[in-house]
Amino acid sequence: MRERQGPASGLTEHELSEIRMLIEERTGICFDESRARFFSTRVHEHMQEKGHARGSELLRTIRKSNVEYEALLERLLTQETSFFRYPAVYEALEKRVLPELHVKKFWNAPRTLRIWSAGCATGEEPYSIAIAVADALMFADAWNIEILATEVGRQALKQAETAIYSGRGLTNLSEKQLAAHFTPANGGYQVRPRLRKMVRFAQMNLTQAVYMGRMDLIFCMNVLIYFTEERRRALVHRFYETLEPGGYLFLGHSESLAKIPVKFQAIVLSDCILYRKPTPGEVPKPELVAEGRA
Ligand SMILES: C[S@@+](CC[C@H](N)C(=O)[O-])C[C@H]1O[C@@H](n2cnc3c(N)ncnc32)[C@H](O)[C@@H]1O
């Protein structure tokens, strides 16, 4: 039986599905029905650009060469982001979480705050965290602030490292924040060195466990929605293990821990939910809702 061909080239449905499975296996990113068209269009574009006439040729190349695999992956990543993407999350960070950490850790020596931005795209998220910390943590300069920002896409990381931004992504920044934390550069705005020193970027695939030490806060916003359920579970368990007791996990607005059996306490605020890892022997407060609450 002849296989159905993809719309514009020698790419069969079977080959398309092989590519989809390879990406899913290596990154956890799932291209389900709702994203099938996006996936197929991007693969076709890639084949055209690379001059592959047949899907079998593309498959052979990406299986053999990591550089070629990453070139295709770059095209398939959704990297939409912006500064202070969910203002309510940053308000909760500034008004509730940072004051709590201040009380908990201020007398520690060294006085360190470790934050992980997992799936940081082009860097707006970790720099927003740095701004919130600089503006809201009491005596911020008296702390060692370490924000580890990781991302699978190398192109996005390159842009993050320049720390220069312009356009729509800056919309949620106030004039005051722009003046305090950025300098004009190349027609845009560059994050000042004080904040850049807090953030360290690293290429990392979230499906491959790498030991990074304990974290006080983990931001993984708008990443889990693209993952298979199995990978989502594994990653949430890893976040739980990585967090300090009393540490927080921040997810995107359309993400939740529903159906994931993990002992985070869901703290429901007016416009967002925070997930807190309980400290040993802690008696849950009424606002701390039971396991896996969405
Ligand atoms: C939609 S962006 C979210 C960016 C930012 N967290 C935010 O909420 O604005 C999702 C990011 O996750 C990254 N990503 C997807 N799969 C990944 C994986 N397996 N490992 C690391 N990063 C991944 C994508 O490249 C993309 O930059």
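Which residue has a side-chain N or O atom 2.8 Å from an oxygen atom of the ligand? Asn222 does.

This is a predicted model, in which local features need pLDDT of at least 70 and side-chain atom pairs count only at pLDDT 80 or more, while totals for chains, interfaces and linings use all residues. Numbering runs from 1 along each chain as its sequence is written, and side-chain values use heavy atoms, without hydrogens and water.

**View 1. Polar contacts of the ligand (N or O pairs within 3.5 Å).** A polar side-chain atom of Glu125 lies 2.7 Å from a ligand nitrogen. A polar backbone atom of Met221 is 2.9 Å from a nitrogen atom of the ligand. The protein covers 99% of the 600 Å² of accessible area that the ligand has on its own (Shrake-Rupley method, 1.4 Å probe).

**View 2. The shell around the ligand (residues with a heavy atom within 4 Å).** The shell holds 21 residues. Thr81, Arg85, Glu125, Glu151 and Asn222 are the closest. By class, 10 are nonpolar, 7 polar and 4 charged. Gly counts as polar here.

**View 3. The largest pocket (an open set of points on a 1 Å grid over the protein atoms alone, where a 1.4 Å probe fits, with protein on both sides within 12 Å along at least five of seven lines).** The ligand takes up this space; sitting there requires more than half of its atoms within 2 Å of the grid points. The pocket volume is about 440 Å³, the space filled by probe spheres set on the points.

**View 4. The pocket lining (residues with an atom within 4 Å of a point).** Of 28 lining residues, Thr78, Gly119, Glu151, Asn222 and Val223 lie nearest the centre. The lining has 14 nonpolar, 9 polar and 5 charged residues. Domain 1 (13-76) and domain 2 (87-289) each supply at least three residues.

Key. Polar contact = N/O pair within 3.5 Å; in protein donor to acceptor, adjacent residues only side chain to side chain. Domains from an automatic or database assignment.
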